[in-house]
Amino acid sequence: MEKLDKIATKKISKRYRALGTVIDLTIYGTTDEQLLEDGFHLIKHYEDIFTVNRAQSELMKVNEAAGINAVQVSDPVYQLTKIAVEKSQEHFGFNAAIGPLVKLWHIGFSDARLPQQSEIDERLELISPDEIILNDEEFSIFLPKKGMEIDLGGIAKGYIADRVQDLWRAHGISSGMINLGGNLILMGEAPHQKNRKWRVGIRNPLNNNGISIAQILTGESSVVTSGIAERYMEVDGKSYHHIIDPEMGYPHNNQIASVTVLSKRSIDGEIETTRLFFADQPIEDWLENHPDVYGAIFISRDKKIKVVGIPQSQVYIADSSFEFE
């Protein structure tokens with residue numbers, strides 16, 4: 001047993017840059033670094049077809065043809081767009097068509113600004129997900145109004161992380177970590193810990209210093225956090241974060257500083273952090289209605305921590321200025 005444990009705790013790890021963030025890939029129980037490279041190449045492939053931050057990609061072709069014609073796309077682009085559009089049509093805050101409004105504010109970039117109400121009203125006319133036309137036979141997408149855009153940035157990292165996990169599992173990997181700039185997948189057990197539990201830090205959502213204020217002990221899961229300190233701007237003493245309400249056109253104003261969701265799949269974590277943030281509070285029967293979601297951790301602006309679905313004993317507060325609600 002001791003020999004097997006020693007083998008299992010051997011690991012390979014490498015840091016990359018993609019998706020506009022730092023990528024950390026780690027695999028336990030192997031020395032085959034090609035698996036890391038294969039994972040990264042898969043990430044780059046999906047970035048190439050999903051991105052709207054370059055002049056050329058499959059999604060950019062769809063956006064450029066808005067108001068003109070439908071565009072046929074590859075299976076991954078179509079299937080992820082379909083998921084994103086269907087979730088957007090539930091109108092709980094997630095909106096894959098919000099791109100024109102996000103670009104108007106451009107929070108997190110050097111040209112971020114507070115728009116005029118007339119500008120916001122114009123963009124609100126272009127972000128209705130109910131108008132997007134999907135053709136399952138042709139794998140085509142049509143945006144009926146010129147100026148409409150699809151942006152999968154709110155869901156793509158989760159999808160990509162899930163695909164990397166699928167790749168590694170196909171090669172017999174049982175333990176590893178996929179970190180796409182905060183979208184985290186923890187595969188199998190943590191062989192380097194005596195209790196085989198992974199330890200995940202939750203960063204302070206009230207500033208961008210990267211310091212963890214709490215730690216979660218968890219088994220195999222995806223951990224996704226969405227918070228107001230990721231990107232924000234200040235105008236005349238007022239702070240505006242990057243999570244825009246697609247119904248109102250302004251950053252969604254509530255007392256939540258961050259939401260962390262633990263789930264089986266990372267794509268579900270992406271969706272559910274948004275759902276909970278816009279709900280402003282825990283949702284009744286949420287776990288019952290989402291069997292592949294394990295729980296959530298809310299951190300409020302007044303430094304209260306609320307745990308849903310996860311034993312509070314598995315959450316450790318590292319900063320005494322925060323406390324359980």
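**Exercise 1. In which loop, between which two strands, does Asn-204 lie?**

The model is a predicted one, and the solutions below should be read with that in mind. Asn-204 is found in the loop that runs between β8 (198-203) and β9 (212-218).

**Exercise 2. Decide whether Asn-204 counts as buried or exposed, and describe its surroundings.**

Step 1: the relative accessibility of Asn-204 is 10%, and the cut-off for a buried residue is under 20%. Asn-204 therefore counts as buried.

Step 2: leaving aside residues up to four places away in sequence, Asn-204 touches Asn-209, Ile-211, Ile-213 and Phe-322.

Step 3: a polar partner is found at the backbone, where the side chain of Asn-204 reaches the nitrogen of Leu-206 at 2.9 Å.

**Exercise 3. Describe how the protein is divided into domains, and how domain 1 and domain 2 meet.**

Step 1: domain 1 takes in 1-35 + 174-324, while domain 2 covers 53-142.

Step 2: the C-alpha centres of the two domains lie 26 Å apart, and the contact between them draws 20 residues from domain 1 and 22 residues from domain 2.

Step 3: about 1700 Å² is buried between domain 1 and domain 2, and carbon and sulfur atoms give 74% of that area. On the side of domain 1, the residues that lose the most area to domain 2 are Met-233, Pro-246 and Tyr-250, which together make up 30% of what that side buries.

**Exercise 4. Identify the salt bridge between the domains, and the elements of domain 1 that touch domain 2.**

Step 1: the count between domain 1 and domain 2 is one salt bridge. The side chains of Arg-275 and Glu-90 meet in a salt bridge, with 3.5 Å from N to O.

Step 2: across the same interface, three residue pairs are in polar contact, both residues of each pair being at pLDDT 80 or more.

Step 3: on the side of domain 1 that touches domain 2, the elements giving two or more residues are β11 (232-235), β12 (238-241) and α8 (266-279), and α8 supplies the largest share, namely five residues.

Step 4: sorted by class, that side of domain 1 holds twelve nonpolar, four polar and four charged residues.

**Exercise 5. Place Glu-272 in the structure and work out what its side chain meets.**

Step 1: Glu-272 lies in helix α8, and with a relative accessibility of 3% this residue counts as buried.

Step 2: the side chains of Glu-272 and Arg-275 are joined by a polar contact of 2.7 Å. Arg-275 also meets Glu-90 in a salt bridge, and thus has a carboxylate-bearing partner in each of these two pairs.

Step 3: not counting residues up to four places away in sequence, Glu-272 touches Val-261, Trp-286, His-290 and Val-293.

**Exercise 6. Examine the backbone of Phe-139 and Asp-280, and state where each residue is placed.**

Step 1: as background, most residues other than glycine have a negative phi.

Step 2: Phe-139, although not a glycine, has a positive phi of about 55°. Phe-139 is placed in the loop between β4 (133-135) and β5 (140-142), and with a relative accessible area of 24% Phe-139 is partly exposed.

Step 3: Asp-280, likewise a residue other than glycine, has a positive phi near 70°. Its place is in the loop between α8 and α9 (286-289), and at 39% relative accessibility Asp-280 counts as partly exposed.

Definitions and conventions:
Residues numbered from 1 in each chain as written. Heavy atoms only, no water. Domains from an automatic or database assignment. Contact = heavy atoms within 4.5 Å. Buried area = accessible area lost by both parts, 1.4 Å probe. Salt bridge = Lys/Arg side-chain N within 4 Å of Asp/Glu carboxyl O. Polar contact = N/O pair within 3.5 Å; in protein donor to acceptor, adjacent residues only side chain to side chain. Helix = DSSP H or I, 4+ residues; strand = E, 2+ residues; numbered from the N terminus. Nonpolar A, V, L, I, M, F, W, Y, C, P; charged D, E, K, R; others polar. Buried < 20%, exposed > 50% of the residue type's maximum accessible area, 1.4 Å probe, protein only.
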